[in-house]
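Here is a friendly walk through the pockets, the surface and the backbone of one protein model. Have the viewer open and follow along.

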Amino acid sequence: MSTTATTTPPGGLEASMAARRTPEQLKASRALLWRELLTSLWAPLVILGLAFIPYLVLIEFIPASAAWAQPLMQYLALAMLIYFLGLIGWRLASPKERQLRHLRHEARELIGEIARIQKRVPGKIPAETSTRLAEQAMQVEAASLAADGSRLEKETKALDTLATQLLGVWRKQSAWDFFSGFAKALAIAVIIRVFIIEPYRIPSGSMLPTLEIGDQVFINKFIYGVRLPFTNYVPFQIVRPPARGDVIVFNNPVRPELDFIKRVIGIPGDKVELIDNVVYINGVAQQRTLVTEDLLVHNKGDNGPWFPQRMFLFQESLDGKAHSVLQDGPSPRTHSEGPYVVPAGHVFVMGDNRDNSLDSRYGLGEPGRGVEFVPYGHIKGKAMVIWLALGYGGWFSNFLEGTGLRTDRLFEPVR
C-alpha cells in the first residue's frame, strides 16, 4: 500500500519550482535575474559602493596608491552616472519595459510572500496545496520569461487569488513580515552609522586647505573603539588609539551640541609648543616648509557669500606624515604658544588653517577658557575620504551663488 505526503515538502515553494524547471528554463530564469539586477536603478550605486569598500582599505593601508586609485574611482563614478542616466532614459523611452519591471516586481513579491508563509508554518500546509501553488507560480514565471505583460498580470492575479484561498489564515498574519523586514533594515542602517561609518559635512574653513567648506567626508567609527550609544564612553580599543596627524571628528566637550573636525597634534603625555609657528613636540621641532606665499582659497561665513583669500601655504610633517597648513601671513601672531601638556586619555587638536581655527589653543570655541583637550570618549572617528564635494566652483556654481559640485575632490583621501 503506497502513502502520499500530506504536508509541504522540505524547501517550500522555491524547491518545488526548482524541481519543475527544465535546464532551458533554469538558464533563461538566471539570465532574466541578471538582466533585472543590472537594469535596476540601484545597480550603478551598488557597483560604486562595492568598489568603494576596497578603495577605502587600499588608501588607508597603502597611502601612495591614492595617486592612481583616486582617478580610477572618479572615472568609475562618471561611468556609473552615465549608466544611471542611460537607465532612466531607456525607461522613459520604453513604456513596455517599465510595465514589465513593475509586473515582475509584483510577481516576485507575491512568490516571496508565499515562500515565507510556508517556512513560517512548516508541516501545516498540505502537499496538495503546495503543489497547486508551485504549478501556478511556474505559470507566472513562464509569462515573465516570455515578456508577455498581459499574460503576466493575469497569471499573477490568479496566483494571488489562489494564495488567498489556500493560505488565507496564514496570509493575514504575513503583514508582520513587512514590518519585521523594515525593522531589520533600519537596525542595520543604525548599526552602520553608529558603529562603522558616518558622513560628516565640513561647515567652516578651519581645516583649509585640507578640507574645504562643503566637503562631505566619511568617518571611520570603529578604528579607535566604538562609543556606547548616547554616551561618551569607549569600553575598549579596536584597531589603535588616535595618532599624531590623524584628522578626527569629535563631539565638542565644551559645546556638546556641536561636532568639530580638527587634526591631532599631541597625544597623551606629549608636551606641545608653538614657536614662531613651528610645532614642537616634546622639544623636537616638526619639519615645516614654505610652499607658496600666494595661495588663493575661498572661504565663507555663516550664510554669507564666498570670498577669496590669499594665504601662505606650508607643508608640515608630524611623525613623518606630511600635510598642508595655512597661515595669514609670514609672521606669527605670537612668538610662542604653550607649552601644553596633554593629559592621559586626551588629545590636543589644531586646525590646518592655523590663524583661523577655534581649536585646543582657544578653548574649542569658548574664549577665555584657555587650553581645552579632547577626551577619547568624545572622538567619533577618523576622517577617511571625501565622498562628495559641494564647495566653491564646479558644476552648476553659476546657478547656486558660487557653490557647485567639485568633481576634482571626489574620493580624495583625508591626509
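A pocket here is an open set of grid points where a 1.4 Å probe fits, with protein on both sides within 12 Å along at least five of seven lines. Please keep in mind that the model you see is predicted.

**The largest pocket**

By that definition, the largest pocket holds about 1,400 Å³ of space. It is lined by 46 residues, and those closest to its centre are Phe52, Leu56, Phe218, Trp387 and Phe411. Which elements each supply at least two residues of this lining? They are α3, α4, β2, β10 (321-327) and β14. Helix α3 gives the most, with 11 residues. Sorted by class, the lining of the largest pocket has 33 nonpolar, 6 polar and 7 charged residues.

**The second largest pocket**

The second largest pocket has a volume of about 640 Å³. Its lining counts 27 residues, with Pro203, Ser204, Gly205, Lys300 and Asp302 closest to the centre. Strands β1, β4 (259-266) and β8 (288-300) each give two or more residues to this lining, and β4 gives the most, with 4 residues. By class, the lining of the second largest pocket divides into 9 nonpolar, 12 polar and 6 charged residues.

**A cavity**

Rolling a probe the size of a water molecule over the atoms shows where empty space is left. Unlike a pocket, a cavity is a set of points from which the probe cannot get out. How many cavities of 30 Å³ or more does the count give? The count comes to 1, and the largest cavity contains about 30 Å³ of space. Around this cavity you will find Leu56, Ile59, Glu60, Lys382, Met384, Val414 and Arg415. Helix α3 (43-61) and strand β14 (379-392) each supply at least two of the lining residues, with α3 giving the most, at 3 residues. The cavity lining has 4 nonpolar, no polar and 3 charged residues. Leu56 is a residue to click on twice: it lines the largest cavity and is also among the residues closest to the centre of the largest pocket.

**A nonpolar patch on the surface**

Now turn to the outside of the model. Leu41, Leu78, Leu81, Ile82, Phe84, Leu85, Ile88, Leu92, Trp395, Phe396, Phe399 and Leu400 make a nonpolar surface patch of about 1,200 Å². Leu92, one of these residues, sits in helix α4 (residues 66-93). Is Leu92 buried or exposed? Its relative accessibility is 64%, so Leu92 counts as exposed, because the cut-off for exposed is over 50%.

**Backbone details**

Most residues other than glycine have a negative phi, and most peptide bonds are trans. The table collects some places that depart from this pattern.

| Site | Backbone value | Location |
|---|---|---|
| Leu208 to Pro209 | cis, omega near 0° | Pro209 in the loop between β1 (197-201) and β2 (215-220) |
| Gly338 to Pro339 | cis, omega near 5° | Pro339 in strand β11 (residues 336-341) |
| Ala147 | positive phi, near 55° | loop between α6 (127-145) and α7 (149-171) |
| Asp276 | positive phi, near 50° | loop between β5 (271-275) and β6 (278-281) |

How exposed are the residues with positive phi? Ala147 is partly exposed, with a relative accessible area of 27%. Asp276 is partly exposed too, with a relative accessible area of 39%.

Methods
Residues numbered from 1 in each chain as written. Predicted model: local features only at pLDDT ≥ 70, side-chain atom pairs only at ≥ 80, totals over all residues. Heavy atoms only, no water. 1 Å grid on protein atoms, 1.4 Å probe; cavity = no way out; pocket = protein on both sides within 12 Å on 5 of 7 lines; lining within 4 Å. Points joined across faces, edges and corners; volume = space filled by probe spheres on them. Nonpolar A, V, L, I, M, F, W, Y, C, P; charged D, E, K, R; others polar. Patch = residues over 30% accessible without salt bridge, like charges linked within 9 Å, V, L, I, M, F, W, Y side chains within 5 Å. Areas by Shrake-Rupley, 256 points an atom, 1.4 Å probe, with all protein chains shown as cover. Salt bridge = Lys/Arg side-chain N within 4 Å of Asp/Glu carboxyl O. Buried < 20%, exposed > 50% of the residue type's maximum accessible area, 1.4 Å probe, protein only.
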